[in-house]
Amino acid sequence: MNFSASFLRLSAPRFSRSLATVTHTPHLAPQRHDWARQEIQKIYDSPLLDLVFRASSIHRQNHDPSKIQLCTLMNIKTGGCSEDCSYCSQSSRYSTPTKASRLLDIEPVIEAARKAKENGSTRFCMGAAWRDLAGRKRGFERILQMVREVRGMGMEVCTTLGMLTPEQAKQLKEAGLTAYNHNLDTSREFYPQVITTRSYDERLGTISAVRDAGISVCSGGILGLGESDADRVGLIQEVANMPEHPESFPVNALVPIPGTPLEGNERVAHHTLLRTIATARVVLPGTIIRLAAGRNTLSESEQAMCFMAGANAVFTGEQMLTTPCSPWDEDKAMMGRWGLEGMQSFEQASVARKEGAALGPQTPRTVSESQVESS
């Protein structure tokens, strides 16, 4: 061996092969409740790829990036609603293809929940087109039984039934309800241009009753109502400054429905959807961000960008309330291609804390525990 070769061999640094992944405990960011509008606007307006990178980093610090929560939504009472929500085909004020129906019996609902569970959904959501539960004692009792039976299957169970009183929220909690959906839809300023039959503060009152009852809050908005970027920022600020961040923040893209006042609205641009998701992830680090209505209009690569930006839940199954949904088989195939898998029931740490001892010995691991083992 010549001198040069010997020298290189002796002087070259010795590298040891490190592990591909390093076990670490995720940094769970504390919740902030003092966000100023201009702070969030600055985040929202940042260069899009920089924003997605920042959101993706925060997402990985607070969630297992390989997990997506699969939820199935069923309409248990369709149409005939007295509200005037401009986007909704279930309003009795508009002539739409949606026809009013009575509250379903318990059996078909439980059968649908079983089918959802068999297909991998771990949260089953039930929606009824009502303003509130006033004068619906028998119907409410039937819904409470639905909640008990779905919960008895080991699934997370969510309802959206309009406005609630504190006592009604307490009864739902006692029946085993995991979460309650009550969207704010948009900013406080733009809200009166979308709905006039229920005030913004009434919506916040229901959310307070749900939170005080120990039920997880699911509250987000709809993009494409005619709102501005400032309104999207206002919505995020409103939920970020609640006493607790909502456990779930659905991001819906308007699906214009013939017969509604917003039937002529253009579909929201993908970059707007992406920017909203990423901003919400930065401001709501521990919240599940749900890619909801309108997802079926996105290409697979557009959905993947939303997951990269921090979305980690979808609705999957035969349909949502009155709009199309991506089928289970298609979603499972897509997730397989992108290396994603479904969350277990009660895997979200904040939801598991609210469930507490009620879950007993079958309580699944929290996100923190599962991330440590898989890292």
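Helices (at least four residues) and strands (at least two) are DSSP runs, numbered from the N terminus. With that in hand, let's work through some exercises on this predicted model.

**Exercise 1. Where is Phe346 found, and is Phe346 buried or exposed?**

Step 1: Look for the elements on either side. Phe346 is in the loop between strand S10 (341-342) and H12.

Step 2: Recall the cut-off: buried means under 20% relative accessible area.

Step 3: Compare. Phe346 has a relative accessible area of 4%, so Phe346 is buried.

Step 4: Check the backbone. Phi of Phe346 is near 60 degrees, which is positive in a residue other than glycine.

**Exercise 2. Repeat the reasoning for Asp185: in which loop does Asp185 lie, and what is its phi?**

Step 1: The loop that holds Asp185 runs between strand S4 (179-181) and helix H7 (200-212).

Step 2: Asp185 has a phi near 80 degrees, again a positive value in a residue other than glycine.

Step 3: With 2% relative accessibility, Asp185 counts as buried.

**Exercise 3. At which residues does UniProt place the "binding site" feature that includes Arg290, and why can they be said to gather at one spot?**

Step 1: Read the record. An unreviewed UniProt entry places this feature at Cys125, Cys158, Cys218 and Arg290.

Step 2: Weigh sequence against space. These residues span 166 residues in sequence, but no two of their C-alpha atoms are more than 13.7 Å apart, so they gather at one spot.

Step 3: Place Cys158. Cys158 sits in strand S3 (residues 156-160), and at 2% relative accessibility Cys158 is buried. Beyond four places in sequence, the residues that Cys158 touches include Cys125, Tyr180 and Asn181.

Step 4: Place Cys218. Strand S5 (residues 216-218) holds Cys218, which is buried with a relative accessible area of 4%. Among the contacts of Cys218 outside its sequence neighbourhood of four places are Tyr180, Asn181 and Arg290.

Step 5: Put the two contact lists side by side. Tyr180 and Asn181 appear in the list for Cys158 and in the list for Cys218.

**Exercise 4. UniProt also places a "binding site" feature at Cys81, Cys85 and Cys88. Where do Cys81 and Cys85 lie?**

Step 1: This feature, too, comes from an unreviewed UniProt entry.

Step 2: Cys81 lies in the loop between strand S1 (67-77) and helix H4 (106-118). Cys85 is also in the loop between S1 and H4.

Step 3: Use the cut-off again. Cys81 is buried at a relative accessible area of 10%, and Cys85 is buried at 9%.

Step 4: List the contacts, setting aside neighbours up to four places away. Cys81 is in contact with Gln90, Ser91, Ser92, Ala129, Trp130 and Arg131, while Cys85 touches Tyr94, Val194, Ile195 and Arg203.

**Exercise 5. How much space lies in the largest pocket, and which helix gives the most to its lining?**

Step 1: Think about the method. Rolling a probe the size of a water molecule over the atoms shows where empty space is left.

Step 2: The largest pocket holds about 380 Å³ of space. It is lined by 20 residues, and the closest to its centre are Gln31, Gly286, Ala349, Ser350 and Arg353.

Step 3: Helix H12 (residues 349-355) gives the most, with 4 residues.

Step 4: Sort the lining by class: 8 nonpolar, 8 polar and 4 charged residues.

**Exercise 6. How many helices and strands does the chain have, and what share of its residues is buried?**

Step 1: The chain has 13 helices and 10 strands.

Step 2: Of its 375 residues, 55% count as buried.

How values were computed:
Residues are numbered from 1 along each chain as its sequence is written. This is a predicted model: local features need pLDDT of at least 70, side-chain atom pairs count only at pLDDT 80 or more; totals for chains, interfaces and linings use all residues. Side-chain values use heavy atoms; hydrogens and water are left out. Buried means under 20% relative accessible area, exposed over 50%, partly exposed in between (1.4 Å probe, protein chains only). UniProt positions are given in the numbering used here, feature names are shortened, and annotations may be inferred rather than shown by experiment. Contact means heavy atoms within 4.5 Å. On a 1 Å grid over the protein atoms alone, a cavity is a set of points where a 1.4 Å probe fits but cannot get out, and a pocket is an open set with protein on both sides within 12 Å along at least five of seven lines; lining residues have an atom within 4 Å of a point. Grid points are joined across faces, edges and corners, and a volume is the space filled by probe spheres set on the points. Ala, Val, Leu, Ile, Met, Phe, Trp, Tyr, Cys and Pro count as nonpolar, Asp, Glu, Lys and Arg as charged, and the others, Gly among them, as polar.
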